[in-house]
Amino acid sequence: MNIKQIVLASRPKGIPQITNFRSEQIELPAIKTGEVLLKPIYFSVDPYMRGRMNDSKSYVQAFKLDQPIEGSALATVVESMSDLFQPGDIVLGMLLWRESIVASDKILQKVDATQQPLSYYLSVLGMTGITAYIGLMHICKPLAGETVVISGAGGAVGIVAGQIAKIQGCRVVGITGSEEKLRLIVGKYGFDEGINYKTTSYMNKAIDTICTDGVDVYFDNVGGQISDAVISNLNVQARVAICGQISLYNSTEIPMGPRIQQTLLTNNVMMQGFIVGNYKSEFPEAIQHLTQWVKEGKLDFTETIYEGFDQLPIAFIGLFAGENIGKMIVKV
Ligand code: NAP
């Protein structure tokens with residue numbers, strides 16, 4: 001079978017460009033025992049994949065030049081030589097950017113597509129929701145009445161983190177990059193206030209004005225100058241979860257900022273980075289709560305869905321221009 005795949009053509013310097021990707025035709029290998037033939041339905045594109053485009057050591061392997069990109073995806077089993085999966089099953093796994101995929105049954109997990117919209121298993125009920133839950137509930141441990149600030153608030157993780165903080169009875173302030181996202185987080189998702197960092201000249205002052213009682217919890221998705229401003233408004237005993245640093249992912253030089261250690265010291269602040277994959281034992285608890293909140297109507301979600309296999313690189317690059325509201329997904 002002749003199919004299309006998208007490979008890493010070159011490593012980006014700064015913001016990824018469409019020329020860093022190449023689409024090509026290949027002959028798909030026949031499936032062997034223990035393998036299945038898959039037709040992808042949805043691909044997730046995620047900011048961490050930018051790190052995999054660099055030739056550097058990290059917690060996930062770098063993509064190889066001239067080899068297909070890989071990402072989280074949902075697919076239908078078309079043909080099976082595995083005892084674990086039947087044709088028609090819907091599966092979740094880390095899959096290659098190919099129009100059809102031959103995959104080992106060891107990397108796949110069956111999904112019950114009858115309960116919730118299928119794409120939710122890549123978003124609010126998938127790694128996105130789990131990340132928000134673990135960062136907030138296991139690291140920040142917010143208390144009712146505390147002020148929680150969330151950067152990247154109109155994105156996938158941010159929307160969920162903000163709603164979970166509201167469920168805990170907190171006052172929630174979201175920082176995001178467009179008026180449309182501000183309207184969504186405040187109007188639809190119940191954040192108490194929002195700040196558009198692109199139209200705010202003095203972030204430090206804006207946070208000070210809105211967070212009249214200071215900041216008790218900071219869920220950081222972006223880093224950089226936005227975080228500098230939030231950190232300078234932290235209260236005594238504040239907790240900071242470093243979930244992501246997207247504003248720095250395309251840096252070509254070592255980013256510099258203010259020395260924050262003294263603020264952390266004098267305010268007794270706890271700041272912790274986390275990679276969700278290191279919290280697998282907490283996944284069942286996270287999934288149980290997220291599913292329950294979704295069923296109860298306490299947790300809602302937004303997805304930006306691009307259509308067409310060829311849109312994968314465009315959707316991915318769009319993450320760095322803020323083109324997604326909620327989770328960026330590609331339907332193929
Ligand atoms: P996302 O927020 O849905 O998408 C990225 C968003 O980041 C964009 O829509 C854009 O929104 C914002 N952004 C892009 N460039 C920016 C910049 N220079 N400064 C400020 N904001 C910028 O992505 P996500 O999947 O929810 O991930 C959010 C963060 O969590 C990412 O940093 C990601 O790497 C991290 N993450 C970490 C883990 C973990 O295990 N620790 C797991 C999942 C995700 P605006 O319109 O607001 O600019």
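A strand here is a DSSP run of E residues, at least two long, numbered from the N terminus. Asn235 is found in one of these, strand 12, which covers residues 234-242. The model is predicted. The protein's secondary structure comes to 9 helices and 15 strands.

**Overall form**

- The protein has 332 residues and a radius of gyration of 20 Å, which agrees with the value near 20 Å for a compact globule of that length.
- The C-alpha trace spans about 60 × 45 × 35 Å along its principal axes.
- Of the 332 residues, 52% count as buried.
- Take the contacts between residues at least 6 apart in sequence: 67% of them join residues at least 24 apart.

**Surface and charge**

- The protein exposes about 15,300 Å².
- Carbon and sulfur atoms supply 52% of that exposed area.
- There are 28 positive and 32 negative side chains.
- The centres of these two charge sets lie 3 Å apart.

**Cysteines**

- The whole structure was searched for disulfides, and 0 were found.
- Cys170 is in no disulfide, and its nearest cysteine sulfur, in Cys140, is 9.8 Å away.
- A disulfide needs two cysteine sulfur atoms within 2.5 Å.
- Cys211 is too far from a partner for a bond, because the closest cysteine sulfur, in Cys170, is 12 Å from its own.
- Cys170 has a relative accessible area of 2%, so this residue is buried.
- Cys211 also counts as buried, because its relative accessibility is 3%.

**Asn235 and Asn267**

- Asn235 touches Asn267 and Val269, leaving out residues up to four places away in sequence.
- On the same basis, Asn235 also touches Asp213, Gly214, Val215 and Asp216.
- Asn235 and Leu264 are 29 residues apart along the chain, and their C-alpha atoms are separated by 9.6 Å.
- Asn267 sits in the loop between helix 7 (261-266) and strand 13 (270-273).
- Asn267 has a relative accessible area of 17%, so this residue is buried; the cut-off is under 20%.
- Asn267 touches Leu234, Asn235, Val236, Gln237 and Ala238, not counting residues up to four places away in sequence.
- One of these partners, Ala238, is 29 residues from Asn267 in sequence, yet the two C-alpha atoms are 7.5 Å apart in space.

**Ser227**

- Ser227 lies in helix 6, which covers residues 224-231.
- Ser227 counts as buried because its relative accessibility is 5%.
- Leaving aside neighbours within four places in sequence, Ser227 is in contact with Tyr218 and Asp220.

**Gln116**

- Gln116 is placed in the loop between strand 7 (108-110) and helix 2 (127-140).
- Gln116 has a relative accessible area of 13%, so this loop residue is buried.
- Gln116 touches Tyr121 and Leu125, and also Val294 and Lys295, not counting residues up to four places away in sequence.

How values were computed. Residues are numbered from 1 along each chain as its sequence is written. This is a predicted model: local features need pLDDT of at least 70, side-chain atom pairs count only at pLDDT 80 or more; totals for chains, interfaces and linings use all residues. Side-chain values use heavy atoms; hydrogens and water are left out. Helices (H or I, at least four residues) and strands (E, at least two) are DSSP runs, numbered from the N terminus. The radius of gyration is taken over C-alpha atoms; the globule rule is 2.2 Å times the number of residues to the power 0.38. Buried means under 20% relative accessible area, exposed over 50%, partly exposed in between (1.4 Å probe, protein chains only). Contact means heavy atoms within 4.5 Å. Accessible areas come from the Shrake-Rupley method with a 1.4 Å probe; for residues, only the protein chains shown count as cover. Lys and Arg count as positive and Asp and Glu as negative; His and the chain ends are not counted. The place of a charge is taken as NZ of Lys, CZ of Arg, CG of Asp or CD of Glu.
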